[in-house]
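User: I am new to this structure and would like a close look at a single part of it. Please take me through one sheet, then show me some of its surroundings.

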Amino acid sequence: MRRHTIDFMGVRWWFLGFSALLMVVSLAAIGIRGLEFGIEFQGGTVVTFTEVSGVGVEEMRAAFEGQGVASPQVQSTEDGGFIVRTTESDPDGATAHYRGVVEQLGLPDDAGDVTTIGPGWGRNITNAALLALTLSIAAILLYTSLRFEYKMAGTAVVALLHDVILTLGIYALVGREVTPNTIAALLTIMGYSLYDTIVVFHRIRENSQRLVKQTFMSMANDSINQVLMRSINTSITSLIPPIAMLLLGGETLKDFAFALVIGLVSGVYSSVGVASPIYAMWKEREPKFQALKKRYARAS
Amino acid sequence: MDPKQRNVLALALIAVLVGLAWWQFWPPDEQITQGLDIQGGLSVILTAQETSQTVVTDDVMDRAELIVRNRVDRLGASEASIQRQGSDSILVQLPGISNAEDALAALGTTGQLEIRSVEGVDETGTPIVGDVLMTGEYITDANLSTDPTTGQIEVNVSFNAEGTQLWAEITTARVGQQIAIVLDGTVQSAPVVQEPITGGQTRISGDFTPEEAQQLKTVLETGALPVTLEFSESRVVGPTLGQDSLRQGVLAVAIGLGLVMLYMALYYRAFGVLSWLSLVVFASLFLGLLAVLSGFGWFALSLPGIAGITLTVGLAADSSILMFERFKEEVRLGKTYRSAAKSGTRHAIGTSLDADLVTFVSALVLYTVAIGPVRGFALTLMMGVAIDLTVAILFTRSIIVMLAESVVPKVPGLFGMKGADSDA
């Protein structure tokens with residue numbers, strides 16, 4: 001049973017063009033629409049209610065306003081609950097408001113969750129998030145440079161930035177809130193994006209050691225094809241649990257799952273469509289592989 | 001040791017580990033500690049504020065922690081946990097607390113050190129305190145020394161000029177009487193005044209253990225350098241909401257695991273069924289580790305933690321996939337089953353190791369740098385990666401090698417390898 005060989009490298013400019021387009025759209029979305037940051041980054045209160053029967057959005061809003069809360073943002077959730085955001089940054093006040101609303105609407109008083117973030121704390125969280133992202137990328141660069149070579153490391157990082165920017169772009173487009181959980185998911189996406197890329201690069205490195213009568217580009221294409229089934233399968237099995245979280249989990253789990261699902265899909269695409277072609281094109285500039293290219297370009 | 005023995009030994013080791021794990025984690029709802037977002041309660045991060053006179057140092061944080069501990073004790077909250085977070089914050093978790101407002105009010109007050117009169121003792125021997133004689137703001141310094149003759153540890157206190165004056169009046173009037181050192185309304189120490197102290201320098205001696213002396217010194221320092229604590233994050237979770245979230249989380253993990261198993265069996269046939277065993281071993285060891293860490297009080301399962309666990313289910317399946325694919329591929333290239341199993345699994349573990357290490361590094365960075373609940377995610381992710389590698393090396397690889405020498409050559413079709421056969 002011979003397997004089909006798909007000519008990924010032959011359409012590499014389509015991939016790269018498509019990715020460039022995705023990047024432009026994502027960056028434009030982030031720049032124009034902006035990202036909506038959760039209260040963890042800016043201070044304020046989020047009150048979550050589960051399964052509140054017989055209370056409408058307007059009633060909930062009125063109840064909060066009745067407690068003296070100025071312009072509360074009320075949003076209903078799929079499981080019949082509510083998420084209410086206010087600018088209150090003092091926990092005493094926020095808990096008192098919550099208690100008042102619960103009494104006024106006659107709700108059970110153990111069905112809620114009140115989170116209050118102080119005004120100065122957001123800066124800490126933001127700094128920690130930026131530091132974590134920077135350190136992670138630096139660590140990944142260092143590790144892949146030591147374990148493989150700097151050209152692989154460089155292209156792997158390009159691919160994972162691609163995935164992170166695309167994920168944030170989608171957040172900006174759909175107006176989903178960015179929370180510390182999103183940042184944690186982004187860091188994990190970087191790990192996963194690299195996972196797929198490493199699987200392909202492992203094979204390219206192995207094949208390049210016995211590279212004869214073939215250009216680097218076509219060897220890279222063979223390598224992708226050789227690992228294609230496992231890349232698809234590992235991606236499917238990695239995707240199933242986050243999809244289950246996205247469909248069945250509560251708010252916290254959905255928060256992680258949304259970013260993870262986008263990132264995982266983007267990660268498997270970018271290992272084939274971004275990392276591999278850039279790496280192969282970069283390698284073909286090396287004299288050794290240029291010679292091969294001159295000799296075997298037509299044959300392959 | 002020959003390879004066959006080594007495989008049997010690895011499997012025996014895994015069997016023992018799985019047995020130990022079950023013994024540890026069963027029943028899971030009792031053996032694995034639930035985090036605050038699941039069991040309900042109050043979780044607060046308090047941050048020490050820099051002021052013109054106070055720079056937040058480790059010493060200041062010691063005082064802040066003492067103040068917080070003192071207040072939490074007064075709330076009577078059992079099972080409370082108090083932890084440092086970063087360089088200037090303290091995480092206080094009060095599980096199952098019913099009146100969040102009272103707790104918040106108590107935690108939010110400024111630390112108050114007072115010297116009070118003692119009006120007698122109650123039946124438990126605790127001094128009954130009377131009027132406030134002076135407040136802690138007159139104290140300039142506190143330190144420890146050892147009496148050269150008796151070897152007792154003493155706590156030395158210094159007062160500023162105004163305080164020296166006031167202290168002289170107090171001690172002159174109360175020679176032979178007890179006075180109480182009170183922090184946030186709790187008596188920390190009640191020494192007897194031996195003589196009038198007019199020089200400001202005061203020695204408090206007694207049968208202090210080194211820890212008690214250190215604690216009293218820290219208490220007295222809170223007067224000299226007050227620490228202002230502010231709320232950075234406060235979370236009040238109702239127990240019903242928490243249990244709902246847990247149920248949803250466990251359901252998501254279970255369905256995720258089930259679908260992954262189904263997919264593996266459909267695609268990899270008998271190998272897929274083998275991967276079920278790997279996943280069961282993986283899940284057992286994971287739960288066992290969580291139970292052991294819970295026992296030491298080092299772990300509490302939070303919602304972000306559940307997200308981390310869900311993710312590693314996929315990771316664990318990935319390791320099996322890499323091995324199966326590589327094995328099948330090497331057989332297709334004409335190797336014998338036996339040597340394909342050996343070199344295939346070795347290559348695949350190399351790839352898993354690289355990929356897992358990268359995920360581990362990202363999680364480690366997150367765990368070290370981040371503040372707040374996401375650390376729970378990073379922690380379970382790191383554990384998952386470590387257990388995944390253990391299972392891949394000890395369990396999955398040994399089984400594949402053993403099967404390749406026995407069952408696979410007889411019924412390759414069962415392992416989804418008909419195509420390979422006709423190629424060879």
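Analyst: **One sheet, strand by strand**

Let's start with E6(B) and strand E7 (residues 153–159) of chain B, which run antiparallel and are joined by seven bridges. This is a predicted model, in which local features need pLDDT of at least 70 and side-chain atom pairs count only at pLDDT 80 or more, while totals for chains, interfaces and linings use all residues. Residues are numbered from 1 along each chain as its sequence is written, and chains are lettered from A and ligands numbered from 1 in the order in which they are written.

Strands (E, at least two residues) and helices (H or I, at least four) are DSSP runs numbered from the N terminus, and two strands pair if DSSP finds at least two bridges between them. One bridge links B:Ile139 with B:Phe159 in E7(B).

Stepping back, the open sheet in chain B has three strands, ordered E6-E7-E10, with antiparallel pairing. Strand E6 (139–146) and strand E10 (202–205) of chain B each have a single partner strand and stand at the edges, so one side of each has no neighbour in the sheet. On average, neighbouring strands of this sheet are turned by 25 degrees against each other, direction ignored; the axes behind such angles are lines fitted to C-alpha atoms.

For some surroundings, turn to chain A, which has 10 helices and six strands. Its C-alpha atoms fill a box of roughly 80 × 40 × 30 Å along the principal axes. Of the 300 residues of chain A, 51% count as buried, meaning that 20 or more other C-beta atoms, placed from the backbone, lie within 10 Å of a residue's own.

Terms used: Buried ≥ 20, exposed ≤ 12 C-beta atoms within 10 Å, placed from the backbone. Axes fitted to C-alpha atoms, helices over the stretch in contact; angles between N-to-C directions.
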